[in-house]
Amino acid sequence: MRQTTDYKCLCSRSGPRSASSPLVHIVRRDEDICSPILRKLFNESHLIFVGLQKLKEDVPSKNKKSQFVSVSKNYRSVIRACMEELQQNAVSTREGPLASQYGDQVSILLAIELIWNLCEVLFIDAAPAGSLLLLLLDWVRLHKSDVDTRAREVLQSESPALHQSYWDVVISLVLQGRTDEARQVLSKQASLRAESSSVFKRMDGLLQSMPIFNPAGTQTLTEFDVKWRHWHEECDRCLQDNTFASSRQLETICKILVGDEDTLLEQKELLSTWYHFLVTRLLFTHPTIKPPDLHYYAQSSMNMFLGPRASPEPLDIILLSAFEFDLHQVIKDCSIALNNWWFVAHLTDLLDHCKLLQSHNLHFGSNLREFLVLEYASGLFTHHSLWQLAVDYFDHCPEFGRVYLELQIERVPLDTERKAIKVLRICEDRQMSEQVRSICKIMAKRALRNNRLGSALSWSIRAKDAAFATLISERFLQDYSNKGSFTDLDLLDNLGPAMLLSDRLTFLGKYREFHRLYGEKRFSEAARLLLSLMTAKIAPRSLWMTLLTDALPLLEQKEVIFSVDQTYELMSCLEELNLDSKDSNQTDQDEDIESTKTELLRLALARNLAMAIVKEGTIET
């Protein structure tokens, strides 16, 4: 589906000015980034951008010309797909403001695609003389497609030759160099006017014999030029001989064929734009135009078409800069006129790959391409889902991309744990250790506030934050003291080397291991581990009584678990604990409880010692 040309004045990024001061701009929300349809543009163009960065650097850019043209066409196809969807929505929606918004977005995308297509012809494809005009004709035809709609209406009518738009269609087709189609439509009139058949045949012959340069053919540009001049002289003779004096419309067509500027300007309504006038003018006066000569014809065509009183729109100025081969002015004017950085960032990146912007560096150390890509990516970071695309753009900005990413990634709201993990992986993949620690700390504190101890411990381990891991380990032990059981067993059972992050975490992991061994009835291993926690001073002194109490079931087993030496070590720990408790300020109730536990432990230890001595003595005998 082709679009009709409807270019409105391009929007300013700064938004409307405040009525109180001409220098103050009202900051407005970037509506494009919030549009679901335009988000498709951002997503799909991101894939093209990443693919472009992967093109082999060792291949000379001249040899990659076809690849660059293909990339450019891919960008334009994405633009046109979004444009068509927006246009359909504008037609179908019933809400006035929304329909107006869709219409504005369509106008901007039409202008973007028009500029991009021209830059593709002039800079990326860099067409030489001969081929240049053919590509410019395709450019005009693509962006002035209402001719096709009117041609269909005429040809599908009951009497095409009598249709009110008949001659407009014929002349429009001639203006676009579509001579075969013009002949087809013209034949409808010829069949009705037998008395003028010779005149129509003469026009048909001129249109049929009009030379068209074929870049793939064997004819040289010089040979084509000679042939075209002969044809042009033949058209001029017909005009001088008044061959078409009997038909005003055919005479007008003949004047167009000889490139009569006054006649062309009379077709302003059919041409609609100065650049269509430019291409038509070149087609019938200078088809072998060379790129360096374009700027003269472009400037004069714009002046002739707009007249002395009309002021050129921003779009006109941008296109004129392109025809003058002033790339940097095109980018500068687009940056000012368009309402976001998408266009200038992607076009500049492509032009930079074509080695067309190498000489343009900015004052602050970055080049133009990187500056624009950084600005575009920074804008993406304000969106709740598009921020992920921005990461790849920053990755391909060698000067300041890393710095921008570090600053922007810290501003991403960590709404959910899933999103936090995404952000964390991005940072980990890029060895952004400071940001990794920051994210993990934030998530650990949030989990702790919500009493999700397992999640908090997991985040603190990832952050390698020993102090916070110690705090959470204390909370785990406190929770165990209150409930008599551990939570988040999967995490505690699989701490591995991470438990070495802090002494308290080491104790927590080993203490949980003791409970697991005890549950599996591996009493001897459990006993050794429990004793080592106290003798190696891994367990905090405040938990020694808890550990000794945990030893009671092992001491009361029918089978002797603790050896004589191990029992003496337990007794030593108990006495050391008693000495400490005498110096502490405890309530009477706490002293009674501690005293009862101590007596039970002494009794169990004495009984176990006796049984161990007997057992070891029996083994020695």
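1. A word on terms before the salt bridges: buried here means under 20% relative accessible area, exposed means over 50%, and partly exposed covers what falls in between. Lys65, at 33%, therefore counts as partly exposed. Keep in mind that this is a predicted model.

2. So what does Lys65 pair with? Its side chain meets that of Asp125 in a salt bridge, at 3.8 Å from N to O. Lys65 sits in helix 2 (residues 65-92) and Asp125 in the loop between helix 3 (96-124) and helix 4 (131-143), so the contact ties together parts that are 60 residues apart in sequence.

3. Over the whole structure, the search turns up 29 salt bridges. One of them joins Arg178 and Glu181, with the closest N and O atoms 2.8 Å apart. Arg178 is buried, at 9% relative accessible area, whereas Glu181 is partly exposed, at 35%.

4. Arg522 and Glu525 make another salt bridge, where the closest N and O atoms are 2.8 Å apart. Here Arg522 is partly exposed at 33%, and Glu525 is partly exposed too, at 32%. Elsewhere, Arg76, Arg80, Glu113 and Glu120 are joined into one network by salt bridges that share partners.

5. Helix 6 is worth a look as well. The helix spans residues 166-175 and is mostly covered, with nine of its 10 residues buried. Among the buried ones are Tyr166, Trp167, Ile171 and Leu175. Just after helix 6, Gly177 takes a positive phi of about 75 degrees.

How values were computed
Residues are numbered from 1 along each chain as its sequence is written. This is a predicted model: local features need pLDDT of at least 70, side-chain atom pairs count only at pLDDT 80 or more; totals for chains, interfaces and linings use all residues. Side-chain values use heavy atoms; hydrogens and water are left out. Buried means under 20% relative accessible area, exposed over 50%, partly exposed in between (1.4 Å probe, protein chains only). Helices (H or I, at least four residues) and strands (E, at least two) are DSSP runs, numbered from the N terminus. A salt bridge is a side-chain nitrogen of Lys or Arg within 4 Å of a carboxyl oxygen of Asp or Glu.
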